[in-house]
Amino acid sequence: MNHFDYRDGVLHAEDVPLARIAEEVGTPVYVYSTATLERHYRVFADAFAAHGLEATVCYAVKANSNLAVIRTLAQRGAGADVVSEGELRRALAAGVAPEKIVFSGVGKTAAEMAFAIETGIAQINVESLAELELLSQVSESLGAETRIAIRINPDVDAKTHAKISTGKKENKFGIDLVDARDAFAKAAALPGIDPVSIAVHIGSQLTELEPYRAAFERVAELTRTLRADGIAIAHLDLGGGLGIPYGAEEPPPPDAYAAMVAETVGPLGCPIMLEPGRMIVGNAGVLLTRTLFVKPGREKTFLIVDAAMNDLIRPALYDGHHAIRPVREAASDAPSVAYDVVGPVCETGDTFAVARPLPEMRAGDLAVFASAGAYGAVMASTYNSRPLVPEVLVKGERYAVVRPRQSYQDLLGLDRMADWLTEADGPISLEEASPDAESEPPRRAAGADG
Ligand code: LLP
């Protein structure tokens, strides 16, 4: 359930009409709903409590790392799963308690490890023997005893898109299950390392429980083996990955997921950590866009909108489906047109949807790409020198711009001239070269929606 609904014929985010945000902030713009974020967090966390599990929900910051989003969840009690020093700094800045932060990822640098240890986070998830050795050196040099999980690769097929499947033995993630016992023995013997947990994460956008069940059964069996070996596994980190309905999918509800967790690892009697990302934020956000042109072709009709693949890359990268909803509600008997919905970027891959039936759209009309709260803004780039789009957080009747639109000054100002290029003619003034660069990019004139 989310809080994007039509009221009086206009799509709202909670109590705020999206046409108003388009008018006041401009498009494209990401819009997030606080009520949806809080609801998803609560439903997920409560499901584990209801099944008698002691669970810490470490929100996977990579899904949406806006500080206001992280803080909204932190205020409800969420921890954080981070994969870089940048994400760790975001989690801390947003007020997540260090003892609720886990650090995952296959390629941490020594500097990132040292920063994490000095910050006193809950646990570092180790994914290779080489990483284990480096972490031991860094930890010992800081006089620390670092709590770690070893992430295992259980070799199960998550039955999701190949680019976001992580638990097969050919994937780069984790230590093969067959080598896990030796890895834990090694970890127990290394200075500066305290192996306390097993971590697993088999992929993202999972729509079935069975792959999870297979993975968690393997984790439970390994826990028993390690405990018999004298390694005190005190808790488990079961990762994230629970899917959301983008279209026709029917992913398992959190309650069924929690029941399966209780069945598989509940008897071990240890607290668990979970790392949901998409499940919390995916349907809590939309990308609001305005139609630039309707371009009838000989074979197709293109709906050219002002958002592009650089703003939301999921359709181009994973063939991701995002529902498209016009901001002005169409009459139930309105005829539909099959549009290829495309952005302005100079690639055919800049296609959001092919032959998508929508009510007839005109230049200026607003629409949203739904379910864009996860892996949307965080994966945006400035390709084609398109400034990063703003992010807005709604709460009831209020909204706040939680990231302003990038200005042209900021966009151009990241670059530097090589000194030999300015020797002959002197330095280039950004102001002269790009007048009004400090101002925000011009907004489109308002269309029929506002
Ligand atoms: N934990 C670990 C170790 C992860 O690698 C991930 C996601 C998560 C948790 C959170 O997974 P979630 O609950 O959000 O599925 N950009 C892709 C998804 C990449 C997921 C990467 N890892 C997409 O847009 O579909």
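**Ligand contacts and two backbone details**

Student: What makes the approach of a ligand nitrogen atom to the side chain of Asp81 a polar contact?

Tutor: The nitrogen atom of the ligand is 3.3 Å from an N or O atom in the Asp81 side chain, and a polar contact is a pair of N or O atoms within 3.5 Å (within protein, one must be able to donate a hydrogen and the other to accept it, and residues adjacent in sequence count only if both atoms are side-chain atoms). This is a predicted model, in which local features need pLDDT of at least 70 and side-chain atom pairs pLDDT 80 or more, while totals for chains, interfaces and linings use all residues. Residues are numbered from 1 along each chain as its sequence is written, and side-chain values use heavy atoms, leaving out hydrogens and water.

Student: Which backbone atoms are paired with oxygen atoms of the ligand?

Tutor: An oxygen atom of the ligand is 2.8 Å from a polar backbone atom of Gly241, and an oxygen atom of the ligand is 2.9 Å from a polar backbone atom of Gly277. Taken alone, the ligand exposes 580 Å², of which the protein buries 91% (areas by the Shrake-Rupley method with a 1.4 Å probe; for residues, only the protein chains shown count as cover).

Student: Why is the ligand said to lie between two domains?

Tutor: Domain 1 (4–31 + 282–403) and domain 2 (34–280) both give residues to the shell around the ligand, so the ligand lies between them; the bounds come from an automatic or database domain assignment. Of the 18 residues around the ligand, Ser204, Glu275, Arg314, Tyr318 and Tyr375 come nearest, where "near" asks for a heavy atom within 4 Å.

Student: What does the side chain of His201 contact?

Tutor: A polar atom of the His201 side chain lies 3.4 Å from the backbone oxygen of Gly203, and a polar atom of that side chain lies 3.0 Å from the backbone nitrogen of Gly240.

Student: What makes Thr27 to Pro28 and Ser371 worth a look?

Tutor: The peptide bond from Thr27 to Pro28 is cis, with omega near -10°, and Ser371 has a positive phi of about 55° although it is not a glycine. Most residues other than glycine have a negative phi, and most peptide bonds are trans.
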